[in-house]
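Here is a round of questions on a ligand site and the spaces around it. Each answer sets a value against the rule behind the term.

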Amino acid sequence: MYSSQVKANAITADFRSDTVTRPTPAMRQAMLDAEVGDDVYGDDPSVNALQQKAAQLLGKEAALFMPSGTQSNLAAVMAHCNRGEECLVGQDYHINVWEAMGTAVLGSVACHPLPVNDAGGLDEKTIRDAIKPDDWHKPQTRLLSIENTKDGMVQPLAYMDSMAAVARDCGLKLHCDGARLMNAVVATGSDPARFVEGCDSVSLCLSKGLGAPVGSVLVGDAETINRAGRIRKMLGGGLRQAGVLAAAAIHALDHHIDRLDEDHRRAATLATRLNALNGISVDTARVHTNMVFARFDDGIALDDLEVFLADRGVAINPDRELRLVTHLDLDDAAIDSLVDALAAFTGAYAG
Ligand SMILES: *Cc1c(COP(=O)(O)O)cnc(C)c1O
């Protein structure tokens, strides 16, 4: 939430997240034109078309339209694990820290957090060491959950394949929290289905860089997706005329994947330009897709940061290390606004 001094309607360049994107006129038209039914009866043609398209895109048997990425991840964890079993997950991955621990609260599934390496991935040895023996004292390890991208960093194909090999070797299911998977796919020029070939389930957000207003898709084999469908109903995620949302998502998959390259190009430019400013540093090697982490020198006082930038039309989440996210509602002029505003801020507030 903005501080009370920020006039939200004066913001023209919002760098807080790629979730802030608004449906384009063409997307709104697709929503208006959508054929709809009742998706709880399974007869919403637009939802069915989206699910078929998503399954095909990621090379899986089936897909389920979900109201959010959080519900998609939770349904996946609950579809793979029974009560009292556990899921191995990176300690600062979304499932472990940003989803109100629904796995434990609603699924009775424990998350066993693993250290995350500098590249944003998990190491094979820590995974093997964390797997519990068949012992009455221990929860049984059922699932390995990875994330791609992680803080905008691509987890490359070789890593995806190595995680699939470990999971297979250890008898674990593999889930990929691919909220921003298409950013990784576009940045690497990979075939999306090949990229997630070894995953038993993948959750993909439609409402981030892809620009749809609502929703995620969960893809996987037919049996897992069927189980996830019951769980989605239990969680209150069975929607009726969801075709208006699915139509936006189909539009996003048709028109907003290739253009992610633009977001990546702008993030790279932003990183280089901010790194050249006095008082701010960016590790440009970590900028793979649409996220830039920009750190203020310790001497700079940040109390006025949010309002200072908002007065110049720019929104950020104020922090010593800013997470800046590029997306389809930000053009080259927005990058200029942010760089100019930060140059003025560091000039005025240097300690
Ligand atoms: C945003 C995000 C989610 C959850 O998506 P919501 O739709 O906001 O619930 C899950 N995982 C990652 C990595 C995300 O960035």
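Q: Where does the ligand sit?
A: In this predicted model, the ligand sits in the largest pocket. The term applies because more than half of the ligand's atoms lie within 2 Å of the pocket's grid points.

Q: What makes a residue part of the ligand's surroundings?
A: One of its heavy atoms must lie within 4 Å of the ligand. Among the residues that surround the ligand are Ser68, Asn73, His94, Glu99, Glu147, Asp177 and Lys208. By class, this shell has two nonpolar, five polar and five charged residues. Helix α3 (residues 69-80) gives the most to the shell, with three residues.

Q: Why is the approach of Thr70 to the ligand called a polar contact?
A: The cut-off is 3.5 Å between N or O atoms. An N or O atom in the side chain of Thr70 is 2.6 Å from an oxygen atom of the ligand, so the pair qualifies.

Q: How do you know that Gly69 also makes a polar contact with the ligand?
A: Here a backbone N or O atom of Gly69 is the partner, 2.8 Å from a ligand oxygen atom. That is within 3.5 Å, so the pair counts.

Q: Which atom of Arg180 lies 3.0 Å from an oxygen atom of the ligand?
A: A polar side-chain atom of Arg180 does. The pair is within 3.5 Å and therefore counts as a polar contact.

Q: How much of the ligand does the protein bury?
A: The ligand taken alone exposes 380 Å², and the protein buries 82% of that.

Q: What lines the largest pocket?
A: The lining holds 32 residues. His94, Trp98, Arg180, Lys208 and Arg323 lie nearest the centre of the pocket. By class, the lining has eight nonpolar, twelve polar and twelve charged residues. The elements α3, α4 (94-97), β10 (291-296) and β12 (321-325) each supply at least two of the lining residues. The volume of the pocket is about 780 Å³.

Q: Why is the largest cavity called a cavity and not a pocket?
A: A 1.4 Å probe fits in a cavity but cannot get out, whereas a pocket is open. The largest cavity has a volume of about 40 Å³, so it passes the 30 Å³ mark used for the count. That count comes to one cavity.

Q: What makes Ala179 a lining residue of the largest cavity?
A: Ala179 is in the lining because it has an atom within 4 Å of a cavity point. Arg180, Cys205 and Lys208 are also among the lining residues. Helix α8 (181-188) gives the most to this lining, with three residues. By class, the lining has six nonpolar, two polar and two charged residues.

Definitions and conventions: Residues numbered from 1 in each chain as written. Predicted model: local features only at pLDDT ≥ 70, side-chain atom pairs only at ≥ 80, totals over all residues. Heavy atoms only, no water. Polar contact = N/O pair within 3.5 Å; in protein donor to acceptor, adjacent residues only side chain to side chain. Areas by Shrake-Rupley, 256 points an atom, 1.4 Å probe, with all protein chains shown as cover. 1 Å grid on protein atoms, 1.4 Å probe; cavity = no way out; pocket = protein on both sides within 12 Å on 5 of 7 lines; lining within 4 Å. Helix = DSSP H or I, 4+ residues; strand = E, 2+ residues; numbered from the N terminus. Nonpolar A, V, L, I, M, F, W, Y, C, P; charged D, E, K, R; others polar.
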